[in-house]
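Here's a quick tour of one structure, with a look at how two of its helices pack and at where its pockets sit. Have the 3D view open as you read.

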Amino acid sequence: MSTLSDADVRSALAAQTIELPSWAFGNSGTRFKVFSTPGVPRDPYEKIADVAQVNTYTGTAPRVSLHIPWDLVDDFDDLARHARAHGVQIGAINSNVFQDEDFKLGSLTHADPTIRAKAVRHHLDCIDVMRATGSTDLKIWLPDGTNYPGQDDIRSRQDRLAESLAEIYAALEPHMRLLLEYKFFEPYFYTTDIPDWGTSLVHCMALGDQATVVLDTGHHAPGTNIEFIVAQLLRVGRLGAFDFNSRFYADDDLMVGAADPFQLFRIMNEIVISDALRPDSGVNFMLDQCHNIEAKIQGQIRSVMNVQEATAKALLVDRDALAEAQRSGDVLGANAVLMDAYNTDVRPLLAEVREAKGLDGDPIAAFRASGYVEKVSEERVGGTQASWGA
Ligand code: LRH
Ligand code: MN
C-alpha cells in the first residue's frame with residue numbers, strides 16, 4: 001500500500017458509513033439504575049427518526065441495527081418504509097436470548113433439546129424479520145456460560161452450540177450473513193461459551209463462508225492487542241463487523257474513542273492497511289453503546305465523529321516512509337511515522353469533507369442549533385420510554 005493522495009483520503013472519508021444501534025437512543029444504565037431522559041423514543045419508529053438526525057448532520061450514519069424483541073413491531077414492511085422515508089436502511093438484526101428465564105443455564109448450548117429448539121426458533125424468527133426489512137446480517141451474541149467449575153461440560157456445550165448454529169445457518173438465504181460475536185465474560189463468570197475471537201472463528205469456519213466474526217471493542221481482557229485480532233481476522237477474510245465502543249474497565253459501552261482514541265486509531269490503521277474501509281469490504285462498522293447519563297443523539301454524533309477522526313488519521317499515514325523504515329529496521333523511525341499521523345489535527349479536514357457534502361462542518365453545533373431535542377421532548381409525552389431491557 002502506498003501513501004494516499006489528498007483526493008483519495010477525502011473520497012474515502014466521504015464514502016465511510018457507520019451503523020447505529022437502535023438501543024443507544026433508549027434509556028440504559030447499570031444494575032444500580034437506569035436513568036430516564038426527556039424526549040427519549042418510545043418505539044422503533046421514533047428511534048429511527050433519531051438515527052436520521054445523526055445521519056442528517058454527519059452524512060455518515062445511513063443504517064440502524066435492530067434488536068429483537070426490543071424493536072418488535074406489528075408490520076416490519078411499514079417500519080422499513082418509515083426508515084427509507086427517513087433515508088435510513090435497516091442493518092443487522094440482533095437476536096436476544098439474554099432475557100428469557102428458560103435460558104438461565106444456556107440457550108443454543110442448553111443441555112435440554114427443547115430449550116435449544118426454542119433458542120433456535122428465536123433466531124429463525126429474526127431471519128423472518130431480515131426478510132421483511134431487507135436486512136442481510138443476523139447478529140448473534142450469546143450470554144451462554146457457567147459460573148462454577150463442574151457446573152456443565154465445556155466440550156459438550158461446544159458440540160451443542162455447533163449443532164444449534166448449523167440449524168440457524170441452514171435457514172439463511174444466500175445473500176445473508178451470520179455475524180457471531182464473542183465476549184470474554186458476563187453475564188457468567190467462570191466459562192463463556194464464545195469467549196474470544198478464536199472460538200467464534202472456529203464456529204464460523206465450521207459453518208461456512210456466510211459466517212463471520214463480530215469484534216466488540218469492549219469484549220476483551222484488559223491489555224488485549226485488539227488491532228492484532230483485526231489484522232488476523234481480515235487476513236483470513238472473517239471479520240464481519242465491529243461493535244464499536246470504549247471502556248476503562250469492563251464492558252462499559254462508552255462512546256467509541258472516548259476512553260482510548262489511540263487504540264481506535266491503531267484499529268483503523270489495520271483496516272486501512274488491509275484496504276477494508278471500502279464500502280464493499282464486507283466489514284460492517286457498527287456502534288454498540290449506551291448513553292446512560294449523556295445526551296443520546298449528540299452522543300451518537302460525537303461517536304461517529306470519533307471514528308471519522310481515527311479513520312482520517314489512519315488514512316494520512318505516510319505509507320511509503322513507513323514501509324521504508326520497516327524494511328530498514330528503523331524502529332523509532334517507523335513508530336514516528338505512525339505517531340505523526342496520529343498527532344495530526346484532522347478536524348479541519350473533516351469539516352471540509354462535510355462541507356463538500358453540503359453539510360455543516362460542525363455537526364454537533366448544527367444539531368444543537370436545530371432545536372430537535374426540545375421539539376421531541378415536548379412531543380414525546382405519555383407512553384413508555386424505550387429502555388434497555390424493556
Ligand atoms: C452484549 C452486546 C451485544 C448486544 C448487546 C446490546 O454485551 O455487546 O452486541 O446484543 O450488547
Ligand atoms: Mn456488542
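Helix 7 and helix 8 cross in a right-handed way. Keep in mind that this is a predicted model. The axes of helix 7 (residues 226-235) and helix 8 (residues 261-273) come within 9 Å, with a crossing angle of roughly 15 degrees. Angles under 35 degrees count as roughly parallel, so helix 7 runs roughly parallel to helix 8.

Who touches whom? On the helix 7 side you'll find Ile 226, Glu 227, Val 230, Ala 231 and Leu 234, and they meet Gln 263, Arg 266, Ile 267, Glu 270 and Ile 271 in helix 8. Sorted by class, the residues of this contact are six nonpolar, one polar and three charged.

Now for the pockets, set side by side:

| Pocket | Volume | Lining | Classes in the lining |
|---|---|---|---|
| Largest | about 1,200 Å³ | 38 residues | 16 nonpolar, eight polar, 14 charged |
| Second largest | about 530 Å³ | 32 residues | 13 nonpolar, eleven polar, eight charged |

To find the largest pocket on screen, look for Lys 183, Glu 186, Pro 187, Asp 251 and Trp 388, the lining residues that lie nearest its centre. Strand 4 (residues 137-141) gives the largest share of that lining, with three residues.

For the second largest pocket, go to Arg 278, Pro 279, Asp 280, Ser 281 and Val 283, which lie nearest its centre. Helix 1 (6-15), strand 3 (89-94) and strand 10 (284-287) are the elements that each give two or more residues to the lining of the second largest pocket.

Technical notes. Residues numbered from 1 in each chain as written. Chains lettered and ligands numbered in written order. Predicted model: local features only at pLDDT ≥ 70, side-chain atom pairs only at ≥ 80, totals over all residues. Heavy atoms only, no water. Axes fitted to C-alpha atoms, helices over the stretch in contact; angles between N-to-C directions. Helix = DSSP H or I, 4+ residues; strand = E, 2+ residues; numbered from the N terminus. Parallel < 35°, antiparallel > 145°, perpendicular 65-115°, else oblique. Left-handed = near helix turned anticlockwise from the far one by under 90°. Contact = heavy atoms within 4.5 Å. Nonpolar A, V, L, I, M, F, W, Y, C, P; charged D, E, K, R; others polar. 1 Å grid on protein atoms, 1.4 Å probe; cavity = no way out; pocket = protein on both sides within 12 Å on 5 of 7 lines; lining within 4 Å. Points joined across faces, edges and corners; volume = space filled by probe spheres on them.
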